[in-house]
Amino acid sequence: TSRGILYFIGCFFPLQMIWLMKMYYDSRFAVGDDMFHKLYEFAGLIAVGTAVLHIRPVSILSDTKNKADMFCLSLSFAIAAVLGLGRYAELYVKGIGQSCLRHAARWDFIWAFPAFLCYTASACVSGLDFYGHGKDYDYSNRVANGYGDPSNQLYHEISRTGEINAGHIHHLTDSQSENLGPILLLLVGALSSSALLVAMVSTLPGGGQHKEYMVPMNVSFAIHRWGEFTMLVLGESVLSLLIVDVVESAGYFKTFFSGVISITLLEFLHFRSQPHRADDHAIRRSKEAGIVFTSLMQIYSASLVVLGTSYKMLLYEHVHEANKLGDSRRVLSNPFARLLVANAEPNFELADRQQREAQLFCISMAVVWACSDLMIVNHRGLKDNFGRCRFSHAGVLRLVGSILVLLRVGLICFIATLSQWVTQPSLLAFVGLMGIFTQVCLRVIGSVYFGPVFR
């Protein structure tokens, strides 16, 4: 649903912004190997871990009056942001190195500050919402104020049943306790800091003169960290498949192995699309290319998370079917499976649910492929990529290059619209696998004809 997408990006982008701030810092500065800085790093990990712990279903995060999870999530993000600002403050006061060190620390503090303000505001709003009313707010104030009001839904329910049921009252008033303010503040904080970083980098002079104002990144270090982050996201996708209860049916295993093989091929496709040398990277090519790469990686990473989740949804269709039929062949994968993933009954009818899952799967897959291709173009530039298709031979290779480009664009369009005519889970997963395999084949053919993308 649209609310689900809002809460996903509202949780993902602030979390990735914290990671990006840390990577950006570590790629330019080194701190002492002393107890203080070790404890400081440990505090940062605790803050991030606490935030991840409180990323819960939308029904819980949106209920800020009765649940403290949104407050804990926002507070954890705010603490992580404070620790990030503390690094820049220490750098400004005690940093040793280039003459531009203090200027760089001041700029980094400025672009990270809006996120801190928004995260803190989100914590204040959700905290006041929860602690300002207390846990008994729904059952005292709302019952007392709504009992005799014919316009209140609760009035009609009590009139119909003749009794007050606390659980039903909570269900009826759930929508009234929803507060979108905190999640919107989290999203605005992450996006505002990203926009400010883009604006500040865009104003830097070119031709290497930016080194007079900013400490340059260690591009090789950044390449390694981005690779680790991608592996982490892909690993989460595999974990999502492994923690689903096993159903001994052909459709289940077809979906499962299609998902595992697809994630493995996506890993191969990703590292084939990324340079391993700093001189080939977009960040080294120009500041504008570096901005585009960072933006694409954020969208790409979010799409990979959605894709991994959609594979889990497709797999759960077989679990729901087994539950409905009372299939004795269902096997619980491990005693902690129900603690790791939600196993509640689905909220939508079968056809509507499968259509939503198919759209999520296909759109996320298409975005992953599109971002991967755009990053290749961004690393080398449009002129250089077009030049790979120009050879002295009599038109044959140029024709092959055009065909390969059209096939890759057509494949993205095909997978983006696949949900309009295919919604069956196992078939959808298998077609997705074939699409990824075709992408890999097109990359290999392109490398054979035109040479490797990167040296």
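Along helix H10 (residues 219-242; helices are DSSP runs of H or I with at least four residues, numbered from the N terminus), the buried positions, defined by under 20% relative accessible area with a 1.4 Å probe and protein chains only, are Val219, Ala222, Ile223, Trp226, Gly227, Phe229, Thr230, Val233, Leu234, Ser237, Ser240 and Leu241. These buried residues pack against helix H1 (2-26), H11, helix H12 (282-285) and H13, where contact denotes heavy atoms within 4.5 Å. The end C-alpha atoms of H10 lie 35 Å apart, in agreement with the 34 Å expected for its 24 residues, the expected span being 1.5 Å times one less than the number of residues. The model is predicted, with local features requiring pLDDT of at least 70 and side-chain atom pairs counted only at pLDDT 80 or more, whereas totals for chains, interfaces and linings use all residues. Residues are numbered from 1 along each chain as its sequence is written, and side-chain values use heavy atoms, with hydrogens and water left out.

The largest nonpolar core comprises 98 residues, and those with the most contacts inside it are Tyr119, Leu266, Tyr311 and Trp369; such a core is a set of buried Ala, Val, Leu, Ile, Met, Phe, Trp, Tyr and Cys residues joined through side-chain atoms within 4.5 Å. Helix H13 (residues 287-325) gives the most to this core, with 16 residues. Leaving aside neighbours within four places in sequence, Trp369 is in contact with Leu266, Leu411, Ile412, Ile415, Gly435, Ile436 and Gln439.

Phe268, which is found in helix H11 (residues 250-273), is partly exposed, its relative accessible area of 38% falling between the 20% and 50% limits for buried and exposed residues.

Terms used:
Helices (H or I, at least four residues) and strands (E, at least two) are DSSP runs, numbered from the N terminus.
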